[in-house]
Amino acid sequence: MIDRIVLVGFMCSGKSTVGPLLAGRLGWDFIDFDESIERDANQSIAEIFRIHGESHFRDLEADLTERLDGVRCAVLAPGGGWVSQPELVELLRPGSLIVWLRVRPETVLARNRGQPDVLRPLLAVDRPLETVRSILAERTPLYRRADRVVDTDDREPAAIADRIAGMLDR
């Protein structure tokens with residue numbers, strides 16, 4: 001029985017946008033990992049990375065994942081790099097439908113330009129497209145471990161949420 005959906009994917013793939021829509025359609029809770037970590041740490045993700053480093057952030061993700069293991073009737077949206085700790089994916093796999101929201105690198109940059117108030121340290125580089133392509137190439141084998149894949153390029157968030165909700169009916 002599937003009673004939890006975990007949305008995985010690169011930054012700007014739509015996890016934080018599609019997640020609440022999907023949760024609303026299902027009458028479930030929505031939990032955004034980045035928001036939860038920021039609230040718990042009383043720091044922004046960018047500050048956590050800058051002050052404590054990525055490994056500390058990954059530890060915070062792991063702690064949150066362990067706390068959420070028993071949560072049911074929820075849509076979870078971990079950060080884009082969460083899959084780099086496969087043991088966390090496997091911890092949540094029982095009872096979950098894991099859906100990869102796949103996005104092209106060009107779409108990542110276009111969506112990021114549409115969010116000027118969101119600081120994304122991985123994109124604050126001289127050649128962001130090459131950086132996105134490189135990171136996506138590293139993570140794609142991990143994202144492919146998802147149960148289902150939904151392409152999000154050129155699709156409305158509501159249509160993506162409907163498609164994923166329909167997967168539970170099958």
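Residues are termed buried at under 20% relative accessible area, exposed at over 50%, and partly exposed in between. By this scale Arg-104, at 42% relative accessibility, counts as partly exposed. The views below show a predicted model.

**Figure 1. Overall architecture of the protein, with eight helices and five strands.** Followed along the sequence, these elements occur in the pattern β-α-β-α-α-α-β-α-β-α-α-β-α. The radius of gyration is 15 Å, close to the 15 Å that the globule rule gives for 170 residues, so the protein is as compact as a globular protein of that length. The C-alpha trace spans about 45 × 35 × 30 Å along its principal axes. Of the 170 residues, 45% are buried. Taking contacts between residues at least 6 apart in sequence, 74% join residues at least 24 apart. The accessible surface amounts to about 8,700 Å², and carbon and sulfur atoms account for 48% of this area.

**Figure 2. Close-up of the largest nonpolar core, which contains 31 residues.** Val-8, Phe-10, Leu-76 and Trp-82 are the residues that touch the most other members of this core. The view is centred on Val-8. When residues up to four places away in sequence are not counted, Val-8 touches Lys-15, Pro-78, Trp-82, Val-83, Ile-98, Val-99, Trp-100, Leu-101, Tyr-143 and Ala-146. Another core, of 16 residues, lies apart from the largest one, and its members include Ile-5, Leu-7, Val-75 and Leu-101.

**Figure 3. Close-up of the stacked aromatic pair formed by Trp-100 and Tyr-143.** The structure holds three aromatic pairs. In the pair shown here, the ring centres of Trp-100 and Tyr-143 lie 5.5 Å apart, with 20° between the planes. Trp-100 belongs to strand β4 and Tyr-143 to helix α7 (residues 128–143), so that the pair links distant parts of the chain, 43 residues apart. Trp-100 has a relative accessible area of 5% and is buried; Tyr-143, at 0%, is likewise counted as buried. Both residues are also among those touched by Val-8, the residue on which the preceding view is centred.

**Figure 4. Close-up of the tilted aromatic pair formed by Phe-49 and Phe-57.** This view shows another of the three aromatic pairs in the structure. The ring centres of Phe-49 and Phe-57 are 5.0 Å apart and their planes meet at 40°, so the pair is classed as tilted. Phe-49 counts as partly exposed, at 25% relative accessibility, whereas Phe-57 counts as buried, at 3%.

**Figure 5. Close-up of the salt bridge between Arg-58 and Glu-54.** Side chains of opposite charge can pair when their charged atoms come close. The closest N and O atoms of Arg-58 and Glu-54 are 3.0 Å apart. Both residues lie in helix α4 (residues 54–68), where a separation of four residues corresponds to about one turn of the helix. Arg-58 is buried, with a relative accessible area of 11%, while Glu-54 is partly exposed, with a value of 42%. Through salt bridges that share partners, Glu-54, Arg-58 and Glu-61 are joined into one network.

**Figure 6. Close-up of the salt bridge between Arg-104 and Asp-154.** The structure holds 12 salt bridges, and this one has its closest N and O atoms 3.7 Å apart. The pair links distant parts of the chain, 50 residues apart. Arg-104 is located in the loop between β4 (96–102) and α6 (105–113), and Asp-154 in the loop between β5 (148–151) and α8 (157–169). Arg-104 is partly exposed at 42%, whereas Asp-154 is exposed, with a relative accessible area of 73%.

**Figure 7. Close-up of the salt bridge between Glu-90 and Arg-93.** The closest N and O atoms of this pair are 3.2 Å apart. Glu-90 has a relative accessible area of 43% and is partly exposed.

**Figure 8. Close-up of Pro-128 in helix α7.** Pro-128 is partly exposed, with a relative accessible area of 23%. Val-108 is 20 residues from Pro-128 in sequence, and their C-alpha atoms are 9.8 Å apart in space. Helix α7 (residues 128–143) also contains Tyr-143, the partner of Trp-100 in the stacked aromatic pair.

Notes
Residues numbered from 1 in each chain as written. Predicted model: local features only at pLDDT ≥ 70, side-chain atom pairs only at ≥ 80, totals over all residues. Heavy atoms only, no water. Core = buried A, V, L, I, M, F, W, Y, C linked by side-chain atoms within 4.5 Å. Buried < 20%, exposed > 50% of the residue type's maximum accessible area, 1.4 Å probe, protein only. Contact = heavy atoms within 4.5 Å. Salt bridge = Lys/Arg side-chain N within 4 Å of Asp/Glu carboxyl O. Helix = DSSP H or I, 4+ residues; strand = E, 2+ residues; numbered from the N terminus. Rg over C-alpha atoms; globule rule 2.2 N^0.38 Å. Areas by Shrake-Rupley, 256 points an atom, 1.4 Å probe, with all protein chains shown as cover. Phe/Tyr/Trp six-rings, centres within 6.5 Å; stacked < 30°, edge-to-face > 60°.
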